[in-house]
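Biologist: I should like a close look at a single part of this model, set in the context of the whole chain. Please take one residue as the starting point and work outwards from there.

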Amino acid sequence: RFLNLVSGIHGVVGAAPLEWSSRLLNRLTSNFVPVWNPYMPTGATPLKVPESTPAPAASTTPAAIPRKVVYMPACVTRMMGPSASDSETEAVHEKLMSLFGKAGYEVIIPKGVGSMCCGMMFNSRGFKD
C-alpha cells in the first residue's frame, strides 16, 4: 500500500519533490529510507490464492506425471509490483500464475503464505532479530 501511495504522490507532484524529500530522509535516517527514483516499484496486486480444485483424472498412460506445482511466492514479490514506467503491468505472482495456468498446472499455494516472510529484506538492512 505504501508503494502505491508513493506512486500516487509521484503522479501528482512529479519526480523532483520526491527525490529531494527522499534524499533528505535518507541522510537523516543513515540510509534507512531509500532515495526515490523513477524506477521504484508500485505496490503489487494482492495474491489470489486459487480455490482448491479436484485433481485431474488419472491418465491411462503409466508414464503420466501429475501436473501440480507448489508455489511459495516470496514476500518481496507479494509487495512490489512493476515500476510505473514499465511496459509490463502484471506483478510477478500474476505472471507466474498465468504461465502455470497456460501450461495446465494445478497450483498449490501454502495456507497462510500472506503472513509469512523469510526476513531477507530486514536482514540485509541490518535488522538481525
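In which helix does W20 lie?

Modeller: W20 lies in helix α2. The model is a predicted one, and the description that follows should be read accordingly.

W20 has a relative accessible area of 61%. Because the limit for an exposed residue is over 50%, W20 counts as exposed. A second tryptophan, W36, stands 16 residues away from W20 in sequence, and the C-alpha atoms of W20 and W36 are 8.5 Å apart in space.

The helix that carries W20 also holds a salt bridge. R23 and E19 both belong to α2, with their positions 4 residues apart, or about one turn of the helix. Their side chains meet in a salt bridge, with an N to O distance of 2.8 Å. Neither partner is assigned to the buried class: R23 is partly exposed at a relative accessible area of 39%, and E19 is partly exposed at 29%.

After α2 comes the loop that leads to β1, and two of its residues deserve attention for their backbone geometry. Most residues other than glycine have a negative phi. S30, which is found in the loop between α2 and β1, has a positive phi of about 55° although it is not a glycine. N31 lies in the loop between α2 and β1 as well, and its phi, near 70°, is again a positive value in a residue other than glycine. S30 is exposed, with a relative accessibility of 65%.

Helix α2 also takes part in the largest pocket of the model. The elements that each supply at least two residues of its lining are α1 (2–13), α2 (15–28), β1 (41–43) and α5 (120–124). The greatest contribution is that of α1, which gives 5 residues. The pocket encloses about 900 Å³ of space. Its lining consists of 25 residues, and those closest to the centre are F2, L3, P34, M40 and M80. In character the lining is made up of 19 nonpolar residues, 5 polar residues and 1 charged residue.

From the pocket we may turn to another helix, α3, which spans residues 75–79 and contains T77. The relative accessible area of T77 is 16%. Since a buried residue is one under 20%, T77 counts as buried, whereas W20 in α2 is exposed. With residues up to four places away in sequence left aside, T77 touches A44, Y71, V92 and H93.

The salt bridge within α2 can also be set beside the other ionic pairs. The structure holds 3 salt bridges. K95 takes part in a salt bridge with E88, where the closest N and O atoms are 3.4 Å apart. The side chain of K95 also meets that of E90 in a salt bridge, at 3.1 Å from N to O. E88, E90 and K95 are thereby joined in a network of salt bridges. The members of this network are assigned to the partly exposed class, with relative accessibilities of 35% for E88, 33% for E90 and 34% for K95.

The wider context is that of the whole protein chain. It has 5 helices and 4 strands, and from the N terminus on the order of the elements is α-α-β-β-α-β-α-β-α. Of its 129 residues, 19% count as buried; T77 belongs to the buried class. The accessible surface of the chain comes to about 9600 Å², and 63% of that surface belongs to carbon and sulfur atoms. Among the contacts with a separation of 6 or more, 75% are between residues 24 or more positions apart.

To return to the starting point, W20 is an exposed residue of helix α2. The helix also contains the salt-bridged pair R23 and E19, and α2 supplies at least two residues of the lining of the largest pocket. The loop between α2 and β1 contains S30 and N31, with positive phi values of about 55° for S30 and near 70° for N31.

Note on methods: Residues are numbered from 1 along each chain as its sequence is written. This is a predicted model: local features need pLDDT of at least 70, side-chain atom pairs count only at pLDDT 80 or more; totals for chains, interfaces and linings use all residues. Side-chain values use heavy atoms; hydrogens and water are left out. On a 1 Å grid over the protein atoms alone, a cavity is a set of points where a 1.4 Å probe fits but cannot get out, and a pocket is an open set with protein on both sides within 12 Å along at least five of seven lines; lining residues have an atom within 4 Å of a point. Grid points are joined across faces, edges and corners, and a volume is the space filled by probe spheres set on the points. Ala, Val, Leu, Ile, Met, Phe, Trp, Tyr, Cys and Pro count as nonpolar, Asp, Glu, Lys and Arg as charged, and the others, Gly among them, as polar. Buried means under 20% relative accessible area, exposed over 50%, partly exposed in between (1.4 Å probe, protein chains only). Contact means heavy atoms within 4.5 Å. A salt bridge is a side-chain nitrogen of Lys or Arg within 4 Å of a carboxyl oxygen of Asp or Glu. Accessible areas come from the Shrake-Rupley method with a 1.4 Å probe; for residues, only the protein chains shown count as cover.
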